Each structure stands twice: as C-alpha cells, then as structure tokens.
Amino acid sequence: MLKRAFLFLAVNLAVIVTVSALLNILGVRPYLSAQGIHYEGLLVFCALFGFGGSFISLQISRWMAKQAMGIALINPERPRNETEAFLVDKIQGLCSRAGLSVLPEIGIYDSREVNAFATGPSKDRSLLAVSTGLLNHMDGEAVEGVLGHEVAHIANGDMVTMTLIQGVVNTFVMFFARIITFAIDNFLRRDDDGHGLGFFAHIMIVFLLESVLMLLASPIIYWFSRWREYRADAGSAKLTSRQTMIHALKSLKGTKESLENREAAVATLMIHGEARGLVALLYSSHPPLDARIHALRA
C-alpha cells in the first residue's frame, strides 16, 4: 500500500516500468538499426522518457498524497477549530517570512505517527500536511519548528530538485537496462537456433533490470534527501529560531522513543526517519535525529 513509505520513488518506478512496458509492446525502439544499438539515440530516448516519468510523478504528487493518506484539507478562510486556526496562522507567518506569495494547501491526516511532510510540483502548488499524532504529542513551539522545516522545503524548491535528480537516475537506469538486455539477446542468438530472447522475454528482462538498477541507484537519491533535511532544518532555524528547531527535533526524538507499536516514518519529505547500519543508512531518506540536532548546535 503506497502510504508514506517511498511514495514519490514508488510512483516514479511504477511510471517508468509502465512506460517501458508500453514502449516495448508497441515496438517503439528508434535506437535500434540493422547495425545494432545507436547509443546516442538510445540516451536521448531514455532521457525523454526518464525525465518525463519523473515529472509525471511530481505533477501527481499532491493528488497521490491526499489519496494515499486520507488528508483532510483546511479552508484557510474558515478554520473549523482552534487547531486548524493555529496551523493556518503559523503557516501564513512562516510563508511570509520565507518569501512565499502563495499559501500551500494545508491538511491533517489521521495517524499515530508524529510527522509532517510537504510535497507538490512547485512553490505555488504545494501541500503541507501534519499528522494527528504530531498535533497530539507535541507542544506549540515544537509544532512551529516542524512547520518551519516543511515551509523551508517548499521555499527551497526541494521537490523540483529531487525530480531533476530522479530524472537523471531514470535516464541511466533505462539506458543500461536496454544495453544489458540487448547484450543478452545477442549472446543467445549465437546459439544454433538463433532466436534470442523473444518478444515477451525481452520485455520481462528490461522490467527486471530496471527494477534492480533503480534499487542500486536509489542511494544517490537518498543521499540528496538527507542533505536537504539539514538544509531544511537550517531554514526552519532562520524562520523561527535555532532553539525552536532543536526543541522540535528533541520532541520528535522523545516522542518517537516513547510511542509503542508506531509505524516507521520514512518518506521523500517527512520530518524524521532514522536508520541504523550501512545498508539502512544508504536507503534512509533522513539523517539520525541526533546528527541533525548536533548540526544545528554547531
């Protein structure tokens, strides 16, 4: 179920695999000739659809988040209670200080996790959502620090930058998947029957290689995600104060350790999500909370 965990990456992979399958089924391979693969043409072909898939994921990111997480949007003109009025007031002030002229969509989703996230295709078409768990377990100052972090993500244009990086990764994943598949096909054609992979086997090999190569390339994306978390923390410290952001991270850490049977929060734009061990770290979208607190203090 696409809910929180790797939402952007999962949608992106689904788009890329679907596009690749359709192109193979339709026989769209302009990079192939009687002489073999035209590598420059293949690279252009993969870039076109690699960046296209990434930007499709970006454009539907708000809609996907709302559907996957059941986000209830707040009407900034008519908040229904004190909590909604508090969120609108804080986010309006933070956006003003961040130089954002358009208020993001503001929403609340029902979850025990203590979290918040921002997504959307541009600064003027963004979504900022918080969980009920965050509102129930954190004080006003900590919530303000979290909101400042998410507003900083929007002001920094992090989703667009992530999309560009994802587009580059998509391009080379599609590129090498097709080169390897073509090499396997040529190797099999050297047998006596000379049939090669065959139509459906070719499609399945490309599908498998794209999935594996995307998994292997993902640490590049997660490295950038961790870097931008430090930058968003610094942005929140400027929009609120350094102590407010440190207090927010300490509150997250304390609440995270005290809650039982909670879900791990690991998403493209979530406020926290720690990992231990080298493999876990490579595939973690967020640095450890202690490291983020240390960075702010330093």
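Let me begin with Ser 251, which lies in helix α9, residues 242–258; helices here are DSSP runs of H or I with at least four residues, strands are runs of E with at least two, and both are numbered from the N terminus. Before going on, I should say that this is a predicted model, in which local features need pLDDT of at least 70 and side-chain atom pairs count only at pLDDT 80 or more, while totals for chains, interfaces and linings use all residues. Residues are numbered from 1 along each chain as its sequence is written, and side-chain values use heavy atoms, with hydrogens and water left out.

Ser 251 counts as buried because its relative accessibility is 16%, where buried means under 20% relative accessible area, exposed over 50%, and partly exposed in between, with a 1.4 Å probe and protein chains only. A polar atom of the Ser 251 side chain lies 2.8 Å from the backbone oxygen of His 247. If we set aside residues up to four places away in sequence, Ser 251 touches Met 138 and Ala 142, contact meaning heavy atoms within 4.5 Å.

A second serine, Ser 284, lies in the loop between α10 (278–282) and α11 (289–297). Ser 284 counts as buried because its relative accessibility is 3%, and a polar atom of its side chain lies 2.7 Å from the backbone oxygen of His 286.

Now to the sheet. Four strands, in the order β3-β4-β6-β5, form an open sheet with mixed pairing. β3 (72–73) and β5 (116–122) stand at the edges with a single partner strand each, so one side of each is left without a neighbour in the sheet. Two strands are taken to pair if DSSP finds at least two bridges between them. In general, strands of a sheet pair through backbone hydrogen bonds, either parallel or antiparallel.

Which sense does each pairing of β6 take? With β5, strand β6 (residues 125–131) pairs in the antiparallel sense over five bridges, whereas β4 and β6 pair in the parallel sense, also over five bridges. On the β5 side, Ala 118 has Leu 128 as its bridge partner in β6, and Ala 116 has Val 130. On the β4 side, Leu 128 is the bridge partner of Ile 106. β5 and β6 form a hairpin with two residues between them, and Ser 122 stands opposite Arg 125 in β6.

As for burial, six of the seven residues of β5 are buried, so β5 is largely enclosed by the rest of the structure; six of the seven residues of β6 are likewise buried, so the same description applies to β6.

Helix α3 (residues 61–69) lies across β3, β4 (105–109), β5 and β6, and runs at about 145° to β5; axes are lines fitted to C-alpha atoms, for helices over the stretch in contact, and angles run from 0 to 180 degrees between N-to-C directions. The buried residues of α3 include Met 64, Ala 65, Ala 68 and Met 69. Seen down the axis of α3, its buried residues fall within an arc of 165°, so they line one face of the helix, the arc being that of the directions from the helix axis to the C-beta atoms. Just after α3, Gly 70 takes a positive phi of about 60°.

To close with the whole protein, there are 11 helices and six strands, and buried residues make up 49% of its 298 residues.

Terms used. A polar contact is a pair of N or O atoms within 3.5 Å; within protein, one must be able to donate a hydrogen and the other to accept it, and residues adjacent in sequence count only if both atoms are side-chain atoms.
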